[in-house]
Amino acid sequence: MKVLVPVKRVLDFNVKVRVKSDQSGVDLANVKMSMNPFDEISVEEAVRMQEAGTATETIAVSIGPEKCAETIRTSLAMGIDRGIHVKTDAEVEPLAVAKILKAIVEEEKPELVLLGKQAIDDDSNQTGQMLAALLGWPQATFANSITKDGDSLTVGREVDGGIQTIKVSLPAVVTVDLRLNEPRYASLPNIMKAKRKPIDAKTPDDYGVDISPRLTTLKVAEPAGRTAGVKVADAAELVSKLKEEGVI
Ligand code: AMP
């Protein structure tokens, strides 16, 4: 089974996000960028599939500026075989990403596309679902476990209050959730080896996809600040304060 793994370069999850003063977006100048954490999980899963002999070839794809090649390189150091970098400096919305991925699927013919459940920068949670619809493939979202049996996958899905287990026939689109696995750190020899793995450079035009935006961000605002708490001496004072505030 050939596996395609889309990886997005996003603001590192440890970075404290600053909203621009004109509220047009978040400030990305000089901040650390990394692979979307859910994509690290899908890369890990694809590599484990390859180690288990379930995946025959693994390919990482990233759509975005020059530096996305570094994100692809990270996935190659974790064990992915090769990369495709679709270069553009424009902001690419989930629908356009899904259209580019569809064109790559038609060219590469993978049996499985393994995406993150969402990108932590825009929290869209749309790309996998749109890709499945464009391809007419079954999808399993929020995967917490994935097992291949014959021509299908059994996927445990994280749902409110438990796990739903479903079977999807291949080819399929799967989006991964946090508890699927714990991604590995790339070893130094593997980082060196990754430098020799190929990355194809492409553009959205190569796939005939119009990436012009369909959405306009009207405003991005910081969450409201929290007011300071009050210390109480004992439970009795707590109860009377809660009554005063009308909480109980
Ligand atoms: P989203 O729908 O934006 O929340 O993203 C969900 C998933 O789609 C991500 O975890 C990635 O696997 C994939 N994805 C989104 N945007 C890109 C991109 N520019 N390049 C590669 N993969 C992407």
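Strands, like helices, are runs assigned by DSSP and numbered from the N terminus; a strand (E) has at least two residues. With that in hand, a good place to start is strand S8, which covers residues 152-159 and contains Thr154. The structure examined here is a predicted model, and the description moves from this one residue to the whole chain and then to two patches on the surface.

Thr154 counts as partly exposed because its relative accessibility is 22%, and the buried class requires a value under 20%. Leaving aside residues up to four places away in sequence, Thr154 touches Ser145, Ile146, Thr147 and Asp149, and also Thr165, Ile166 and Lys167. One of these partners, Lys167, lies 13 residues from Thr154 in sequence, yet the two C-alpha atoms are 4.4 Å apart in space.

Stepping back to the chain as a whole, the model holds six helices and eleven strands. The C-alpha trace extends over about 65 × 45 × 40 Å along its principal axes. Of the 248 residues, 41% count as buried. Contacts in the chain can also be sorted by how far apart the partners stand in sequence. Among contacts with a separation of 6 or more, 71% join residues 24 or more positions apart.

The outside of the chain comes next. About 13,900 Å² is exposed, and 51% of this area is supplied by carbon and sulfur atoms. As for charge, the chain carries 32 positive and 37 negative charges, and the mean positions of these two sets are 3 Å apart.

Two surface patches give a more local view. In the nonpolar one, Leu188, Ile191 and Met192 together offer about 290 Å² of accessible area. Met192 belongs to helix H5, which spans residues 188-194. With a relative accessibility of 43%, Met192 is classed as partly exposed; this class applies because the value falls between the 20% limit for buried and the 50% limit for exposed.

The other patch is negative and is made up of Glu107, Asp200, Asp205 and Asp206. Among its members, Asp206 sits in the loop that links strand S11 (199-202) to helix H6 (235-244). Asp206 has 47% relative accessibility and so counts as partly exposed.

Taken together, the three residues followed here come from a strand in the case of Thr154, a helix in the case of Met192 and a loop in the case of Asp206.

Note on methods: Residues are numbered from 1 along each chain as its sequence is written. This is a predicted model: local features need pLDDT of at least 70, side-chain atom pairs count only at pLDDT 80 or more; totals for chains, interfaces and linings use all residues. Side-chain values use heavy atoms; hydrogens and water are left out. Patches are made of residues with over 30% relative accessible area and no salt bridge: like charges are joined within 9 Å, nonpolar side chains (Val, Leu, Ile, Met, Phe, Trp, Tyr) within 5 Å. Accessible areas come from the Shrake-Rupley method with a 1.4 Å probe; for residues, only the protein chains shown count as cover. A salt bridge is a side-chain nitrogen of Lys or Arg within 4 Å of a carboxyl oxygen of Asp or Glu. Helices (H or I, at least four residues) and strands (E, at least two) are DSSP runs, numbered from the N terminus. Buried means under 20% relative accessible area, exposed over 50%, partly exposed in between (1.4 Å probe, protein chains only). Contact means heavy atoms within 4.5 Å. Lys and Arg count as positive and Asp and Glu as negative; His and the chain ends are not counted. The place of a charge is taken as NZ of Lys, CZ of Arg, CG of Asp or CD of Glu.
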